[in-house]
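Open your viewer, switch to a cartoon view and keep the selection box handy. We will go from stop to stop, and at each one you will hear what to select and what is there.

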Amino acid sequence: MLQTNLLAPGHADLVTDVTYDFYGELLATCSADQRIKLFRKSSDGSYLPEAEWKAHDAPVLRLSFSHPIHGSLLASSSHDRTVRIWEEPTASAQSSGRWIERAVLSGAKGSVRGVEFSPPNPAFGLRIAHQPHDDPATAGWGVSWCRERWWGSVLAAFAGNSPVVKIISLDPTPNSLLHLAPTSTSPLTSLAWAPSCGRSYHLLATGARDGSVRIWRLEPPNADEGRDGWRGETEAEFAKGARVGMVAWNATGTTLTTSDDEGVIRIYKATYAKTWKLLGKMSAEEPPNEGGA
């Protein structure tokens, strides 16, 4: 695969997360240097620096853009035990080079390792889920919302050294709908709920410390089963390797991208035979200088 763009350098420490907004026009990065950087897509398809600011008092760990129905909002979580909500300033107020801080969510007893805005749902307004890392002895953390609002506010979460993913309904009160327990005992490191795009079932991807990646098929309940009839099974499983850092779906939930601790990015796609195959992989390294020197 070919590298199409290289972002301008600038972070003074490890980059911890990268995310696009809903339309792919904005790209946000965060780092252990406590800063957030924003890049806007130009007419030639490259991403140019637009804004940068110190966002937290400790390394920034995760970012999440809201759906544009709620405006241009960005959530960030950090080792400083807070989640901060930032809003894009108007054109007349952009001279400061930073977004406007609208809220600080505090009270966590440890680092907040995961944060994600909910999908748009007029019945509930704007919601955000975040996951504090209260116990330093535990291994992983992760949270991801169901993209289909027909089922209400449903999310998947994992925490600690357990390889189990819990499917949780929040309305009218939090209730566990299903536990997804793989045969492996390796702790999880990441998960992502795929957009359904008209499918009668859902797909959920998980990555683990032993390098394994799984795709779960979730079957919602029938009309006569109520909301407690969720079922889940493994749809695909990929070989073990380096620790999985992140799993992410494309906008239609048909392509899965993974990254690992060796800097390798892999892309998986379902075939017409409904089996998942490796579409390609690339190394997250700067290409050699073709001009010599």
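Select arginine 81 to begin. This is a predicted model, and in it arginine 81 has a relative accessibility of 44%. Buried means under 20% and exposed means over 50%, so arginine 81 counts as partly exposed. Show the neighbouring backbone as well: arginine 81 is in the loop between strand S6 (73-78) and strand S7 (83-87). Now check its backbone torsions. Phi of arginine 81 is near 75°, a positive value in a residue other than glycine.

Which other residue has a positive phi of about 75° although it is not a glycine? Select glutamine 34, which has that value. Glutamine 34 is placed in the loop between S2 and S3.

Stay here and colour the two strands on either side of that loop. Strand S2 covers residues 26-31 and strand S3 covers residues 35-41; they pair in the antiparallel sense over 5 bridges. For one concrete bridge, select leucine 26 and arginine 40: arginine 40, in S3, is the bridge partner of leucine 26. If you turn on hydrogen bonds, a reminder: strands of a sheet pair through backbone hydrogen bonds, either parallel or antiparallel.

Now widen the selection to the whole sheet. What is the order of its strands? The order is S1-S2-S3-S4, in an open sheet of 4 strands with antiparallel pairing. Strand S1 (15-20) and strand S4 (47-54) are the edge strands, each of which pairs on one side only. Look along the sheet and follow the twist, which averages 20° from one strand to the next.

Zoom out for a moment to take in the whole protein chain. Its secondary structure comes to 0 helices and 22 strands. Colour by accessibility, and 45% of the 293 residues count as buried. If you have a contact map to hand, count the contacts with a separation of 6 or more: residues 24 or more positions apart account for 43% of them.

Next, move to strand S15 (residues 188-193) and pick out alanine 192, which lies in it. Is alanine 192 buried or exposed? Its relative accessibility is 11%, so alanine 192 counts as buried. Show its contacts, leaving out residues up to four places away in sequence: alanine 192 touches Ser144, Leu203, Leu204, Ala205, Val247, Ala248 and Trp249. Then draw a C-alpha to C-alpha distance from alanine 192 to cysteine 146: the two are 46 residues apart in sequence and 9.2 Å apart in space.

Carry on along the chain to serine 196, in the loop between S15 and strand S16 (202-208). With a relative accessibility of 8%, serine 196 counts as buried because the cut-off is under 20%. Not counting residues up to four places away in sequence, serine 196 touches Glu148, Tyr201 and His202.

For the last stop, go looking for enclosed space. How many cavities of 30 Å³ or more does a search of the whole structure find? The search finds 1, and the largest cavity has a volume of about 80 Å³. To centre your view on it, select Ser118, Pro119, Asn121, Gly152 and Ser153, the closest to its centre of the 13 residues that line it. Colour the lining by residue class, and it divides into 6 nonpolar, 5 polar and 2 charged residues.

Definitions and conventions:
Residues are numbered from 1 along each chain as its sequence is written. This is a predicted model: local features need pLDDT of at least 70, side-chain atom pairs count only at pLDDT 80 or more; totals for chains, interfaces and linings use all residues. Side-chain values use heavy atoms; hydrogens and water are left out. Two strands pair if DSSP finds at least two bridges between them. Axes are lines fitted to C-alpha atoms, for helices over the stretch in contact, and angles run from 0 to 180 degrees between N-to-C directions. On a 1 Å grid over the protein atoms alone, a cavity is a set of points where a 1.4 Å probe fits but cannot get out, and a pocket is an open set with protein on both sides within 12 Å along at least five of seven lines; lining residues have an atom within 4 Å of a point. Grid points are joined across faces, edges and corners, and a volume is the space filled by probe spheres set on the points. Ala, Val, Leu, Ile, Met, Phe, Trp, Tyr, Cys and Pro count as nonpolar, Asp, Glu, Lys and Arg as charged, and the others, Gly among them, as polar. Buried means under 20% relative accessible area, exposed over 50%, partly exposed in between (1.4 Å probe, protein chains only). Contact means heavy atoms within 4.5 Å.
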